[in-house]
Amino acid sequence: MEAWQELVTTALVGTERQPFKVPQVSGPLDHLLSQLDGADQERALLSASAAVASYQLAGRALDAAPAERQKPCEPDDVPRCSARAAQHLRLMLHKQHKELLPEWLAALAARQQRLPEEWLPALLDVGRSQADLRLAIVRVIGRRGQWLAAQNPTWDYACPGDADGAGDSAATLWQTGKAAARLLLLQALRASAPDRARELLAATWKQESAEDRAAFIATFEAGLGLADEPFLEAALDDRRKEVRGVAAELLARLPSSRLCQRMTERVRGLLRLEKDKRKERIEVTWPKACDKPMRRDGIDPKPLPGKGEKAWWLSQMLGAVPLAFWTDSWGLPPAAIVEASRGEWRSPLLEGWALAAQRQRQSDWIEALLWAMLDTKEAVDMPRLFGALTPGRREAFVLSLLYADPSLESTQPVYWLLPACRHPWSKNLSAVFLDSLYRYLEKHNVGQAWRLKAFLVEIAHTIDPALSGEVVARLAKPARDYGYVAQALDEFLSIVQFRHDMLEALVHYLCSSV
Amino acid sequence: MEWTVDQVLQLAPDPASAKAGKTLALARKWSSLGRTERAAWGECQGSGKAAYQTRIDLNEPAFKCSCPSRKFPCKHALGLFLLLVNQPELFAQLAPPAWVSDWLEGRQKRAEQRAGRKPRAEGVSDEKAQAKRAAERESKVSLGLDDLDLWLRDLVRQGLAWAQTQRPKFWETAAARMEDAQAPGLARMLQELPGVYSSGEGWQDRLLERLGRLHLLVEAYKRLDRLPEAVQADLRSAIGWTQSQDDLLAGPGVSDCWLVLGQRVEIEKKLQAQRTWLWGQLGGRAALVWQFAYGKQALDTSLVPGTALEAELAFYPSAYPLRALVKARQAVISQMDVTGGYETIAAAVEAYTVALSHNPWIRQFPWLLQNVVVTQQPGDRYGACDRAGHLVDLSPQFTHTYFDYGRGGWVLLALSGGQPLSLFGEWDGSSLLPLSAWADGRFVNF
């Protein structure tokens, strides 16, 4: 409004510098303004401002809505989680027990529920910084979440791509989506239809950037099968080191791959089984060199500090040889072979076999190796080896140790084995562990058990939460009795209780009253 | 009870305050010391020009000091208290001055209300004292407004651009003078002015609007007697006159089933102000319950957004009554259905216009908009569109703030999903500040 602009300009400069004249307006406002005394400049300016400002405020014209608008979202067909569950999410987003978020998201997806709409921005933001949670998040945001993500470039990992028109939605997303979304697509597909994922990737492989190639080929870890072998074999010649490394690693996990066969040939003759006074012994011949074909197959020529060069090569080579080769050639069970490896050069042999056992998931070998390592206290990466067992066999292994000696001293192997059981524990293992724990706490003056805290906190994340009621009851002795460990126990109890509550809250979903 | 030094130091909010309090516990820093059985007071020369007035109610204990410190109790209160404990002979038994007795009476009244007792019958001497105080206040306010008039004229004579170059003291002193003149509403308005300079594009317009509004107040007050009573009430409340709650509660009330639709807390130095909006389901009128808390006092949490309350409200007199008190409450209903309000933006704006024509000093106007779709606008702005094809801007104070749920604008967009929902918020003439939404049968409070 012109009159207003005049007022503002004069007011900015000041009536001292710019004389003020009451502006002319039309309509009823004029009647008011004409009554102002022009002689008293300041008062006139202020009064006019008051009048015109109120006039504008009251008579404000309405803005028109934009003609082009976002297409509305399709309604979701999956129910929302309950308000109580949303409260748990709120706590986790506020950094309380935030490490439990993956478990919560997985449980939500398993129960086929979704997030209430108002929580979508917060969780999509979490996915922005924590890439490992993206797959879990995308499963629970529902159609509304995808619709929302499409409007914010920082959330592009959650977009389904331009899915308008008929055709394979996965292919469309693969062609048109952003890098983050395509990666998630591959991860999801490898779980359900690995061949399809490989097809999609093979089609555009040559055009992908180096970083993308490395990330994409890493997804082959899931759903790995012999059908992937040709693709991976070709990738051994890729320009980027990372891609070659991943390909070699994955091929080493496929016993019938050409890589494993080549490795077997190289190793043939290097190890000989000798019978020596009724005990078997393994004689070792060292490899002569680390040549180009070996490097292509993933052997790293440079040893880690403290290791001998040739021993290093040998253990890597052993890591890619199918373990069946040894049992077939020598006609001995794994335990016997491991026993026969006693001697000066035991370390590289155990390391190599451990690597092979981990890759090939041979439980007999793993257990034999573990027993050997526990007996002789060899310094090998035991937790990783242990983790390669199936959950059932892990528990069996630990339980056998616990039954033999239920004490939880930090010197015992169960002390690191239990936290290495990174799967939801069975009721049985949970109960046996708790018995050990109670006995330990009762027997000991736990003043020295500062290591117990980290131990307990690890276990709190995997123990069966259904036992939480019992745990709380049995450990209800006043804190003073437990001394230094009280803090650890408190944290243990709070984590177990929280897991119990949050999973309980997901049982019932929020019924929409629409 | 007898207080010891240790006990007093225990009251300190942090070690720094305790130390500062100890340095102030010296007789030479204080003047006008006095006490009664239940209270003590004094004036301390601070860093400012005027002395700080500090009072202690020994029963609770409770403190009030005129210094700008946010701590509670402040170092002056601690110092005064320590002085009282160490050197009680310095405090003569005197009749408390107005600034002490006013405070004590206010506390007494609030305590009695809480206990549910009726205030004791006013004797003749009380009436006289009250009338005297009322007259004193009127004259103080009058003088204060004359001051303000001169200040405003000065401001427009030298220009808004000139005022921008002034030091913060320029505004603070003006606001402080209003406080002294017992016009806290005006003081608040003046305190907000320097912020307008940094409020972005169009600050000149907004600043001039506010100055115009202040000028309107000044002019109106000069003609107070000739204005209708309802307008007088609005004028007084804009200035910051508090009305006795007892009188209000004794008067007539409006019964309805009230939806508690939104709540907003604003914090300003030591003062927390909470606005709770109610919307009558049967009568279709809105009500504002406006509460304050000083320092560490807790705000009243008896009104919960998302519930419906069967209650009788008593409205403050006004040309467009909005502010109210809960006179009597019956049942609280936790399930509610958000119906009523405005079906189009045009209807909402019209209601605002009508309200303004009655009371031009309305700051926030309640809008319950039905069937609006939230959209993203260019320039990282958000708007609400109604079915008639109009749009209102949503305040960046909401859309750019991060809540538990995430950034406000995105949360609203997520709730709307391109579909219509009901939105409740405060309209200030240019943008809507959302306080809650009702979508898909669910109430979401921000």
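The following paragraphs describe a sheet shared by two chains, a buried arginine and several salt bridges in a predicted model.

The sheet is open and consists of seven strands, in the order E1(A)-E12(B)-E11(B)-E10(B)-E15(B)-E16(B)-E17(B), with antiparallel pairing. Its edges are formed by strand E1 (63-64) of chain A and strand E17 (442-445) of chain B, each of which pairs on one side only. Chain A joins the sheet through E1(A), which pairs in the antiparallel sense with strand E12 (residues 390-393) of chain B over two bridges. At this junction, Ala64(A) stands opposite His390(B) in E12(B).

Two helices of chain B accompany these strands. Helix H14 (residues 408-416) of chain B packs on the sheet and touches E10, E11, E15, strand E16 (432-439) and E17 of chain B. The direction of H14(B) makes about 90° with that of E10(B). Helix H12 (residues 345-358) of chain B lies across strand E10 (365-377), strand E11 (381-385), E12 and strand E15 (421-427) of chain B, and runs at about 140° to E10(B).

In chain A, attention may turn to Arg394(A), which lies in helix H23 (residues 391-404). Arg394(A) is buried yet has no salt bridge, and the nearest side chain of opposite charge, that of Glu395(A), is 7.8 Å away. The side chain of Arg394(A) does, however, make a polar contact of 3.0 Å with the side chain of His423(A). Beyond its neighbours within four places in sequence, Arg394(A) is in contact with residues including Phe386(A), Leu389(A), Cys421(A) and His423(A).

Salt bridges do occur elsewhere: 62 are found over all chains. In one of them, the side chains of Asp228(A) and Arg190(A) meet at 2.7 Å, N to O. Asp228(A) lies in the loop between helix H12 (210-218) and helix H13 (229-235) of chain A, and Arg190(A) in helix H10 (residues 179-192) of chain A, so the pair ties together parts that are 38 residues apart in sequence. Asp228(A) is buried, with a relative accessible area of 1%, and Arg190(A) is also buried, at 1% relative accessibility.

A salt bridge within a single helix joins Arg198(A) and Asp195(A) at 3.2 Å, N to O. Both residues lie in helix H11 (residues 194-204) of chain A, three residues apart, about one turn of the helix. Arg198(A) is buried at 15%, whereas Asp195(A) is partly exposed at 39%.

Finally, salt bridges link residues of both chains in a network, among them Asp40(A), Glu42(A), Arg43(A), Asp149(B), Arg153(B) and Glu219(B).

Methods. Residues numbered from 1 in each chain as written. Chains lettered and ligands numbered in written order. Predicted model: local features only at pLDDT ≥ 70, side-chain atom pairs only at ≥ 80, totals over all residues. Heavy atoms only, no water. Pairing = 2+ DSSP bridges. Helix = DSSP H or I, 4+ residues; strand = E, 2+ residues; numbered from the N terminus. Contact = heavy atoms within 4.5 Å. Axes fitted to C-alpha atoms, helices over the stretch in contact; angles between N-to-C directions. Buried < 20%, exposed > 50% of the residue type's maximum accessible area, 1.4 Å probe, protein only. Lys, Arg positive; Asp, Glu negative; His and termini not counted. Salt bridge = Lys/Arg side-chain N within 4 Å of Asp/Glu carboxyl O. Polar contact = N/O pair within 3.5 Å; in protein donor to acceptor, adjacent residues only side chain to side chain.
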